[in-house]
Amino acid sequence: MKAKFAALAIAAAVAAIGSTSALAQAKEQFFPVLSYRTGAYAPNGIPFANGYVDYLKLINARDGGIGGVKITFEECETGYATDKGVECYERLKGKGPTGATVFQPLSTGITFAVTDKSFSDHIPIITAGYGRADSVDGTVFGWNFPLGGTYWDAADMLVQHVGKKEGGLDKLKGKKIALVYHDSPYGKEPIALLEQRAKMHGYELILLPVTHPGVEQKATWLQIRQQRPDYVFLWGWGVMNSTSIKEAVATGYPREKMYGVWWSGAEPDVTPAGDGAKGYNALVFLAPAGQGQVHKDLIKYVYDKGQGTGKKEEIGEVLYNRGLVSAMMAVEGVRKAQVKYGKKPLTGEQVRWGLENLSIDDAAIKKLGFTGFMTPVSTSCVNHSGEASASIHTWDGKKWVVQPGVYHADTSILKPMIRSSAEKYAAEKKLSKRDCAKEAG
Amino acid sequence: MKKHWPVLLLGAALLIGLALPLATGVSPAGFYVEVLLGGLMTGVLYSLVALGFALIFKASGVFNFAQGAMVLFAALAVARLAEQVPLWLAIVLATVIMTALAWVIERVVLRPLVNQEAVALLMATLGVTYFLDGFGQTVWGSDIYKIDLGIAKEPVMILDKVIQGGILVNKEDFVAAMVAAALVAGLTLFFQKTSTGRALRAVADDHQAAQSIGIPLNRIWVIVWAVAGFVALVAGVIWGSQLGVQFSLSQVALKALPVVILGGFTSIAGAIVGGLIIGVGEKMAEVFLGPVLVKAFDLAGGGIENWFAYVLALLFLLVRPEGLFGEKHIDRV
Amino acid sequence: MLYRENGQFKSTYASDQQMLPILQDRVFMVLLLAFAFVAVPLFVSDYVFLSLLIPFLILTLAAIGLNILVGYCGQISIGHAAFMAVGAYAAYNLVLRVPQLNFLVVLVLAGMIAAASGMLFGIPSLRIKGLYLAVATLAAQFFADWLFARVKWFTNYSSSGSVSTAPIEIFGWSVDSPAEKYLFLLAVLVVFTLVAKNLVRSHIGREWMAMRDMDVAAEVIGIRPVYAKLTAFAVSAFYCGVAGALWGFIYLGAWEPLAFNLNLSLNLLFMIIIGGMGSLLGSFFGAAFIVALPILLDQVPIWLGIPMSTATASHLASMIFGALIIFFLIVEPLGLARLWAIGKEKLRLWPFPH
C-alpha cells in the first residue's frame with residue numbers, strides 16, 4: 001500500500017515536471033539568473049546576484065522593459081557547482097516565449113561545461129571578466145562573450161603593473177611571483193599567460209593551488225614564507241580570499257605586495273581580516289565601488305518601492321556594481337538586437353547578433369547613468385570581448401581607493417595565444433570556424 | 001619487542017621523515033620550527049573536533065558525522081549573537097543552544113535507532129549534517145562572520161638572536177593551544193572525579209550493565225551530546241576566530257576523521273595525540289614533501305595534504321587496526 | 001487474486017531456479033521493458049531525459065556497484081566516487097590515445113582499470129573492519145581527487161584541468177540526442193543488471209554474503225576472505241568505473257576533477273541506504289529517489305506559488321533531505337526495496353486479508 005502510494009506520487013511528480021508549462025505568448029524577454037546564495041562562495045555570489053537582479057527590475061520599473069518588452073527572470077541556485085549549473089541551464093534554457101535570452105553563469109567551471117552545449121542550443125553566454133580566455137575568438141566560440149576582459153588580460157595587466165613598480169619589465173628578471181590560485185578552471189586559467197610572460201621577462205613563477213573551499217591555507221602561506229616571493233597574485237573566490245589575507249597576516253607577508261584579480265578584490269574579501277587587510281591591492285575593471293546616477297535611479301524606482309533584492313546599504317559595493325554592469329551589457333545587447341529584429345521578444349540567436357555588435361561608448365554610458373562605472377565596450381564577430389582595461393585599487397581599511405593609471409592588455413602577446421588555443425579547441429571538437437564576413441554581408 | 005615491531009618500524013619511519021628536512025638543510029632553520037609549530041597548531045584544532053567524535057563514540061557507539069556541522073552551527077551562533085551581546089554572553093547562550101540541540105538530536109534521531117547497525121547510525125548522523133547545514137544557514141545566514149577574541153593577529157618574531165631568521169609565532173595559536181589543553185584537563189577531571197563522569201564511563205564500557213545498575217541511558221546520552229556540543233563550541237570559536245565563520249568550516253571537520261581513526265575511536269588521549277601527529281605530518285608533508293613530488297613527477301602543484309592525513313592514518317591502521325589507543329575488538333563467532 | 005502462483009508447477013531444476021519464477025513477474029518485467037524502451041522515448045520531453053532519466057540510469061549502475069560491496073559483502077565504503085573518477089578518466093584517455101577502439105570496448109577496459117584500482121584500495125579491508133574501513137576508504141576518495149587534478153597526463157595537459165568529450169559513436173550510430181542517450185544507457189543498464197543478478201545468485205555472491213554476516217565463521221568453513229573481499233571490491237569498482245565513464249561522457253560531456261567529489265560518494269551511499277542494502281531493486285529505487293528529490297524540492301515552492309529566495313529554497317532542500325534520510329532510517333531501515341517486497345506480499349493475498 002505504502003509502495004503503491006509512493007509509486008503513484010513519484011509518477012505524478014514526474015509527469016508534472018515533464019509536461020511543458022503552458023505559457024501565454026506574452027511580450028516578455030526571459031532572463032535566467034544563475035546565482036549562488038549558499039555555500040562557500042555565497043559571500044561573493046550574493047552581492048553580484050543582487051546587482052544583476054536589481055538592474056533587471058530597474059529596467060522594468062523605470063523604462064517599462066526593453067523597447068516595451070518586459071523582462072522576466074528566474075533565479076536558479078548553482079552553489080558554484082558545475083553539475084548544478086548545468087542542471088539549471090537545462091531547466092531554464094527553454095523558458096519564456098523565445099527561450100532564455102542569455103546565460104551568465106558567474107563560474108568558469110560552469111562556463112566550460114555550458115560552452116559545449118551552446119553550439120547546439122544557440123544561446124549566448126556572457127562571461128564578463130571570467131570564463132575561457134580563448135573565447136575572445138568569436139569565430140570559434142560563436143556564443144561566448146567574455147565582455148570587458150578575460151583572465152589572460154587580467155594576468156597580463158598585473159604583470160605590467162608590477163613591472164612598472166620595479167621600474168621596467170626587464171627589471172623583473174630574477175624576481176619571484178607566486179600565484180595563489182583556486183584549484184579550479186577559474187584559478188588555472190591565468191597560468192598559461194603568466195608562464196608565457198615568465199619566459200619573456202625571466203621571473204620565477206611559483207604555483208600554489210588551494211583546494212576548494214580554500215579555508216586551509218596554512219601550508220600554502222608557510223611555503224610562501226619559505227620562498228619569499230616578491231609579489232603574490234591572488235586568484236581566489238569566496239571564502240578563499242579572506243582566508244588568504246588572514247594567513248598573510250599570520251605569516252607576516254606584507255599585504256602591499258599582494259595583488260588580487262578583479263574577483264579577489266571586493267568588500268567581503270577584506271572585511272573579515274579587519275585592519276590586517278590594509279594595503280591589499282586588487283585589479284578593478286569595469287565597475288569600481290561607489291554610487292552614481294544609476295544608483296540614484298535604483299533607489300528611486302526599486303528600493304523606495306520596497307522591491308530591492310539586497311540591503312540598501314550594500315548597493316555601490318564592488319561586486320554589486322559588477323552585477324549591475326553585467327546585466328546592463330546583456331540588456332544593451334538585446335536593445336541592439338531589437339534595432340535589427342524589431343521590438344519583440346527575441347531568440348538567443350538574434351540576441352547574439354546584438355551582443356556581437358555592441359558599441360557602448362562614453363555617450364551611451366552617460367545616458368545609461370553609468371559614468372565612472374563603466375569603460376567603453378565594443379565587440380565584433382571576431383572579437384567577442386572588446387578592449388580590456390583595468391586599474392588597481394587598494395583597500396585603506398574602510399574603502400577601496402582607485403590608484404591612478406589604466407592598464408591595457410598587451411594584444412601582441414595575447415592574440416597569438418588566443419588564436420592557437422581556439423584552434424586547438426575547434427580541432428578537438430571538430431568544429432568549423434564561422435565566416436564572419438559571410439554572416440555580416 | 002618482537003610483537004611490536006610493526007609499530008616501532010612505522011614510528012621510526014616517521015621520525016626519519018620528520019628529520020629529513022633538517023638533514024637536507026632547510027634554510028632558514030627557524031622555518032622548520034615554524035612549520036612544526038604550524039603543524040602542532042593545526043593538530044590542536046583537529047583534536048578539538050576529534051574530541052567530540054571520541055566522546056560521542058565512547059558513550060553511545062555512534063560515529064557522529066555531524067560533528068563538523070555542530071562546530072559550524074555553534075560558531076555561527078556565537079558569531080551572530082556576539083553582534084548583539086558581549087562575547088562571553090554569546091558563548092553562554094550558544095552553550096544553551098547546543099545543549100538544546102543535543103537533546104533534540106538524542107530524542108529524534110538516536111533513541112528510535114538504538115540498536116541499529118553502525119552504518120545506519122552513521123547515515124543518520126549524515127542526515128543530521130545536512131539538516132544542520134541548511135538550518136544553520138537559514139537561521140544565521142551564509143556570509144562570512146567574525147569572531148573577535150581580542151587577540152592580536154600580527155605575528156611576533158622570537159628567538160631571532162638564537163636561531164638564524166628567528167621564529168614567527170602567533171599569539172592566537174598559543175591561546176588556542178592553551179584553551180585546548182584546559183578543555184582536555186577539564187574533561188579528564190569531569191570523567192574521573194564526578195559521578196556523572198563515572199556514569200558516562202560506565203555506559204561507554206557496557207550499555208547493558210550500566211542500565212542494569214540503574215544508570216538512565218537516555219539522560220546520559222543527552223549529557224554526552226551536550227558535552228560534545230560544548231566541545232564543538234570551543235572548537236568553533238577557535239576555528240572561527242582564525243578562519244572566519246562560514247559554511248565551509250564544516251568541511252574542515254572532515255580532516256578530523258583521520259585523527260579519530262589514528263587515535264582510536266574511543267580514546268580521548270588518542271584524539272589529542274592523533275591530532276598532533278596528523279597536524280604535524282600533514283604540514284611537514286605539504287611544505288617539504290610536496291615540492292619534491294611536484295618536481296619529480298611534473299605535477300600541477302602540491303596539495304598533497306588533502307590525502308596525506310588519510311594515508312598516514314591508514315598506515316597506522318594497518319599496523320594497529322584499532323588505532324593507537326583504541327580498544328581491541330574481539331570477534332565472537 | 002491476480003498475483004497467485006496457483007497452478008505454476010515447475011518440472012525442471014532450471015525452471016525452478018530461474019530469476020522470475022512467477023509468471024506474473026515475467027509478464028510484468030516484459031511489459032516494463034517494453035514501456036521503458038518503446039513508450040518512454042515517445043512521450044517524454046528532452047528536459048526529463050536530461051535531468052531525470054539519464055542521471056537515474058547511470059547512478060543506478062553506480063549504486064548497484066556500491067550495493068555489491070556494502071550491501072552484499074558488508075564492507076563500508078564512503079569513497080566510491082573515486083572509482084567513478086578512475087573509470088571516467090580511463091575512458092577519456094583511452095578514447096584520446098587509442099581512437100580506433102569501439103566505445104563499448106572502451107567502457108569495459110575503463111571498468112577493468114577501475115576494478116584494478118578497487119582491488120588496490122580494497123587491500124586495507126583485509127586488516128581493517130567496519131567504521132575504520134569506512135574512513136579509510138575516504139583516503140581513496142581524496143587521493144583520486146588529488147591525482148586527477150595534479151597529474152597532468154590524465155587531463156591531457158589541459159591548462160584548466162577540465163576535460164571535454166565529443167559525442168560517442170557506436171558502430172556508426174552517433175549517440176547525441178537525449179532519447180538516443182537514454183536508450184543506450186538503458187541497454188547497458190539491463191545487461192549489467194543481469195550480470196549483477198547472476199553474480200549475487202552464484203557462489204561468489206554467497207561468499208560475499210557470508211563475509212557480510214559472519215566473517216570469522218565464514219573463514220572457519222573455508223571461504224577465503226582475501227578472495228571474497230577483493231573480488232567484491234573489484235566487481236564493485238568495475239561497475240562504478242563504467243558508471244563513471246558513462247557519467248562523464250554521456251551526462252556531463254565536460255568535467256573537472258571536482259565532479260567526482262565526496263558529495264557524489266555520499267549520494268551513492270544514500271541511494272543504497274534508502275533503496276535497500278543487499279538488494280538490486282533497492283539500487284534502482286534509491287537512485288530514483290535521490291535523483292528526483294532535489295528537483296522536486298526545487299520545484300515545489302514554484303508550484304505552490306510561494307515566492308522564496310533561491311537561498312532559502314536550497315537551505316530548505318538541504319534540511320528536508322537530511323530529515324528524510326533520518327525518517328527513512330527510523331521508519332524503514334531496510335529501505336524502499338523492503339516496502340516493495342511488503343507490497344508484493346500484500347498483493348499475493350489481495351483481496352483477502354490473510
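Helices, here, are DSSP runs of H or I with at least four residues, and strands are runs of E with at least two, both numbered from the N terminus. By that count, chain B holds 13 helices and two strands. I should say at the outset that this is a predicted model.

Let me stay with chain B for a moment. Its radius of gyration is 21 Å, close to the 20 Å that the globule rule gives for 333 residues, so chain B is as compact as a globular protein of that length. Along the principal axes, its C-alpha atoms fill a box of roughly 60 × 60 × 40 Å. Of the 333 residues in chain B, 53% are buried. If we take the contacts in this chain between residues at least 6 apart in sequence, 74% join residues at least 24 apart.

Chain A has 16 helices and 14 strands. For its 441 residues the globule rule gives 22 Å, and the radius of gyration is close to that at 22 Å, so chain A too is as compact as a globular protein of its length. The C-alpha trace spans about 65 × 65 × 50 Å along the principal axes, and 58% of the residues of chain A count as buried. Among its contacts with a separation of 6 or more, 71% are between residues 24 or more positions apart.

Chain A is divided into two domains. Domain 1 is assembled from residues 24-148, 289-387 and 426-440, while domain 2 covers 151-285. The centres of the two domains, taken over C-alpha atoms, are 28 Å apart. Where they meet, 14 residues of domain 1 are in contact with 17 residues of domain 2. On the domain 1 side, the elements giving two or more residues are helix 2 (42-63), helix 4 (108-121) and helix 12 (318-341) of chain A. Helix 4 of chain A provides the largest share of that side, three residues. By character, the domain 1 side comprises eight nonpolar residues, five polar and one charged.

I turn now to the contacts between chains, beginning with chains A and C. This contact takes 37 residues from chain A and 36 from chain C. Which element of chain A gives the most to the side that touches chain C? That is helix 1 of chain A, with nine residues. The chain A side divides into 13 nonpolar, nine polar and 15 charged residues.

Between chains B and C, 43 residues of chain B are in contact with 39 residues of chain C. Helix 5 (118-140), helix 11 (256-263) and helix 13 (305-319) of chain B each supply at least two residues of the chain B side. The largest share, 17 residues, comes from helix 5 of chain B. Here the chain B side divides into 30 nonpolar, ten polar and three charged residues.

Within chain C, I would draw attention to two helices. Helix 5 of chain C, residues 103-122, has 20 residues and reaches 28 Å from its first C-alpha to its last, close to the 28 Å expected at 1.5 Å a residue. Its buried residues include C:V106, C:L107, C:A110 and C:F121. Among the elements covering the buried residues of this helix are helix 4 (81-97), helix 6 (130-150) and helix 10 of chain C.

The second is helix 8 of chain C, residues 203-213, in which C:E207, C:W208, C:M211 and C:R212 are buried. Seen down the helix axis, these buried residues fall within an arc of 140°, so they line one face of the helix. On the other side of helix 8, C:H203 and C:D213 are exposed. The cover over the buried residues includes helix 3 (46-72), helix 9 (215-220) and helix 10 (225-252) of chain C.

Finally, some points of backbone geometry. Most residues other than glycine have a negative phi, and most peptide bonds are trans. Against that background, the bond from A:H212 to A:P213 is cis, with omega near -5°. A:P213 sits in the loop between strand 6 (204-210) and helix 8 (218-227) of chain A. The bond from C:W350 to C:P351 is also cis, with omega near 5°, and C:P351 is in the segment after helix 14 (336-349) of chain C.

As for phi, A:R228 has a positive value near 45°. A:R228 lies in the loop between helix 8 and strand 7 (231-235) of chain A and is exposed, with 9 other C-beta atoms within 10 Å. C:N156 has a positive phi of about 60°. With 12 C-beta neighbours inside 10 Å, C:N156 counts as exposed.

How values were computed. Residues are numbered from 1 along each chain as its sequence is written. Chains are lettered from A and ligands numbered from 1 in the order in which they are written. This is a predicted model: local features need pLDDT of at least 70, side-chain atom pairs count only at pLDDT 80 or more; totals for chains, interfaces and linings use all residues. Domain bounds come from an automatic or database domain assignment. Two residues are in contact if their C-beta atoms, placed from the backbone, lie within 7 Å. Ala, Val, Leu, Ile, Met, Phe, Trp, Tyr, Cys and Pro count as nonpolar, Asp, Glu, Lys and Arg as charged, and the others, Gly among them, as polar. The radius of gyration is taken over C-alpha atoms; the globule rule is 2.2 Å times the number of residues to the power 0.38. A residue is buried if 20 or more other C-beta atoms lie within 10 Å of its own, exposed if 12 or fewer, and partly exposed in between; C-beta atoms are placed from the backbone. The arc is that of the directions from the helix axis to the C-beta atoms. The expected span of a helix is 1.5 Å times one less than its number of residues.
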